[in-house]
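Please open the model in your viewer and keep the sequence beside it, since this tour moves from one selection to the next. At each stop you will be told what to select and what is there.

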Amino acid sequence: MFTFVPHFKGLQEILTNHKLASFGDAYVNFLYSLAVSKKTGAPSGAKVNSRLLAEALKKAGLREYLPSRTDRHKQADAAEALIVYAWLKDLIPLEEGVSILEQHENMIEGFCSLLITAKKKLNL
């Protein structure tokens with residue numbers, strides 16, 4: 001879909017890619033803002049807390065793919081990288097991502113579900 005997206009050989013490469021994480025930060029906040037806006041019925045510019053994303057990454061069983069001393073911020077970056085990579089590869093369209101988040105009251109659960117879906121669809 002996007003020619004600037006490199007092909008990665010494995011999940012660890014995706015989770016530790018700084019450029020993907022940077023791009024993913026903007027995308028995940030947009031995705032989250034859309035989900036919050038749909039739930040509340042009013043436009044929202046929400047920002048996802050790194051603690052929430054780090055918890056979702058752990059709950060999804062993806063923490064093990066990162067070095068042992070990876071801090072919470074880098075764990076959140078890893079979650080953002082995986083989510084945006086699945087979108088860039090056209091595996092989880094924006095609408096599906098919003099729908100996955102909307103299905104959960106607890107956003108840790110929502111992002112956990114989104115991360116698991118991304119991993120499955122990337123077949124890694």
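Does Lys 38 count as buried or exposed? Before selecting anything, note that this is a predicted model in which local features need pLDDT of at least 70 and side-chain atom pairs count only at pLDDT 80 or more, while totals for chains, interfaces and linings use all residues. Residues are numbered from 1 along each chain as its sequence is written, and side-chain values use heavy atoms, with hydrogens and water left out.

**Stop one: Lys 38**

Select Lys 38, which lies in helix H2; helices here are DSSP runs of H or I with at least four residues, numbered from the N terminus. Lys 38 counts as exposed because its relative accessibility is 57%, where exposed means over 50% relative accessible area, buried means under 20%, and partly exposed is in between, using a 1.4 Å probe and protein chains only. Leaving out residues up to four places away in sequence, Lys 38 touches Val 98 and Glu 102, a contact being heavy atoms within 4.5 Å. With Glu 102 there is also a polar contact between the two side chains, at 3.5 Å; a polar contact is a pair of N or O atoms within 3.5 Å, where within protein one must be able to donate a hydrogen and the other to accept it, and residues adjacent in sequence count only if both atoms are side-chain atoms. If you add Thr 16 to the selection, you can compare two positions 22 residues apart along the chain, whose C-alpha atoms are separated by 31 Å.

**Stop two: aromatic pairs**

Now show the rings, of which the whole structure holds 4 aromatic pairs; rings of Phe, Tyr and Trp (its six-membered ring) pair if their centres lie within 6.5 Å, and planes under 30 degrees apart count as stacked, over 60 as edge-to-face and the rest as tilted. Select Phe 4 and Phe 23, whose ring centres are 6.3 Å apart and whose planes meet at 85°, so the pair is edge-to-face. Because Phe 4 lies in the segment before H1 and Phe 23 in helix H2, this pair ties together parts that are 19 residues apart in sequence. Phe 4 is exposed, with a relative accessible area of 53%, whereas Phe 23 counts as partly exposed at 36% relative accessibility. Move next to Tyr 27 and Trp 87, a stacked pair with 4.7 Å centre to centre and 20° between the planes. This second pair links helix H2, where Tyr 27 sits, to helix H4, where Trp 87 sits, across 60 residues, and Tyr 27 is buried, with a relative accessible area of 9%.

**Stop three: salt bridges**

A salt bridge is a side-chain nitrogen of Lys or Arg within 4 Å of a carboxyl oxygen of Asp or Glu, and the count comes to 5 salt bridges. Select Asp 25 and Lys 47, which form one of them, with their closest N and O atoms 3.9 Å apart. Asp 25 is in helix H2 and Lys 47 in the loop between H2 and H3, 22 residues apart. Then select Lys 59 and Glu 109, where the closest N and O atoms of the salt bridge are 3.1 Å apart; Lys 59 belongs to helix H3 and Glu 109 to helix H6, 50 residues apart.

**Stop four: Glu 80 and helix H3**

Which residue is buried yet has no salt bridge? Select Glu 80 in helix H4 (residues 72-88): Glu 80 is buried without a salt bridge, and the nearest side chain of opposite charge, Lys 47, is 5.8 Å away. For charges, Lys and Arg count as positive and Asp and Glu as negative, while His and the chain ends are not counted. Beyond four places in sequence, the contacts of Glu 80 include Asp 25 and Leu 53.

Leu 53 leads to helix H3 (residues 50-59), where Leu 52, Leu 53, Ala 54, Ala 56 and Leu 57 are buried. At the N-terminal end of H3, Asn 49 acts as a cap, with a side-chain oxygen 2.6 Å from the backbone nitrogen of Arg 51, and just after H3, Gly 61 takes a positive phi of about 80°.

**Last stop: the core**

Finally, select Leu 57, Leu 82, Ile 83 and Leu 115, which are among the residues with the most contacts inside the largest nonpolar core, a set of 43 residues. A nonpolar core is a set of buried Ala, Val, Leu, Ile, Met, Phe, Trp, Tyr and Cys residues joined through side-chain atoms within 4.5 Å. H4 gives the most to this core, with 11 residues.

Key: Helix = DSSP H or I, 4+ residues; strand = E, 2+ residues; numbered from the N terminus.
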